[in-house]
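Visitor: I am new to this structure. Please take me closely through one part of it, step by step.

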Amino acid sequence: MKMVKVNIKNLFLGLILAGSASLVHAQTTQADKTNTPAAATTAQSNNPVIEGLKKQVEANPKDAETLAKLANAYQEASDWTNAVDTWKKISALLPDWAPSYYSQAYAYQSAKDDVNAKLAYEKYIATVKPEEVEQNKKNLAYAYFYIAFAEQKSDPNKAKEHIAKSIQYDPTNQDAVKLSQALNS
């Protein structure tokens, strides 16, 4: 059991380091509008990394580390449907591992599925353990910002609560500051 914990921690650290560039990209760029299911399938079938990882997952479907590599490979290929599905498999294996929910939200958001992105960000927030808050401040700030942005018209009071949390975790996020000013004016 101890080995699993070490592997999960190593996986978490590796994904944080490898995923930080993707996170910045996710928060600052639009998703590729040429991504269609056919384009994603073509990119995936021509991608030897994805094909190799799929074979590894077939051999060991409970290998969370390989699943995470596969999910990241799908994201790199802008195959959001398979990325979401793979992150969901990881969440089923490791239900208390918050980064899988954040990554699901990112994939949903990239696929322009705002309803499921919001739900996944909410699940991420609920899953972050108190001892993990410090290392997850930027992601928490973004998750709260996204939820506040999504709720600003339907539930302005809830949006105000979420944007305040976002700014608490990242007071330098100018988009969050602007949304807070708009909600509180």
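Guide: What follows is a close look at one helix and the loop before it, and then at another helix for comparison.

This is a predicted model, in which local features need pLDDT of at least 70 and side-chain atom pairs count only at pLDDT 80 or more, while totals for chains, interfaces and linings use all residues. Residues are numbered from 1 along each chain as its sequence is written, and side-chain values use heavy atoms, with hydrogens and water left out.

Helices here are DSSP runs of H or I with at least four residues, numbered from the N terminus. Helix H7 covers residues 114-127. Its 14 residues reach 20 Å from the first C-alpha to the last, close to the expected 20 Å, which is 1.5 Å times one less than the number of residues.

The buried residues of H7 are Ala117, Ala120, Tyr121, Tyr124, Ile125 and Thr127. These residues lie on the same side of H7, because they cover an arc of only 165 degrees around the axis. The arc is that of the directions from the helix axis to the C-beta atoms. Buried means under 20% relative accessible area, exposed over 50%, and partly exposed in between, with a 1.4 Å probe and protein chains only. Val115 and Ala126, on the other side of H7, are exposed. An α-helix has 3.6 residues a turn, so residues three or four places apart point the same way.

What do the buried residues of H7 pack against? They pack against helix H6 (98-110) and helix H8 (137-151), where contact means heavy atoms within 4.5 Å.

The loop between H6 and H7 holds Lys112. Lys112 is not a glycine, yet has a positive phi of about 65 degrees. With 49% relative accessibility, Lys112 counts as partly exposed.

Another loop, between helix H4 (64-76) and helix H5 (80-93), contains Ser78. Ser78 also is not a glycine and has a positive phi, of about 60 degrees. Ser78 is buried, at a relative accessible area of 16%.

H5 can be described in the terms used for H7. H5 has 14 residues and spans 20 Å from its first C-alpha to its last, close to the 20 Å expected. Trp80, Ala83, Val84, Thr86, Trp87, Ile90 and Ser91 are buried in H5. Seen down the axis of H5, these fall within an arc of 165 degrees, so they line one face of the helix. Thr81 and Ala92 are exposed on the other side of H5.

Notes: Helices (H or I, at least four residues) and strands (E, at least two) are DSSP runs, numbered from the N terminus.
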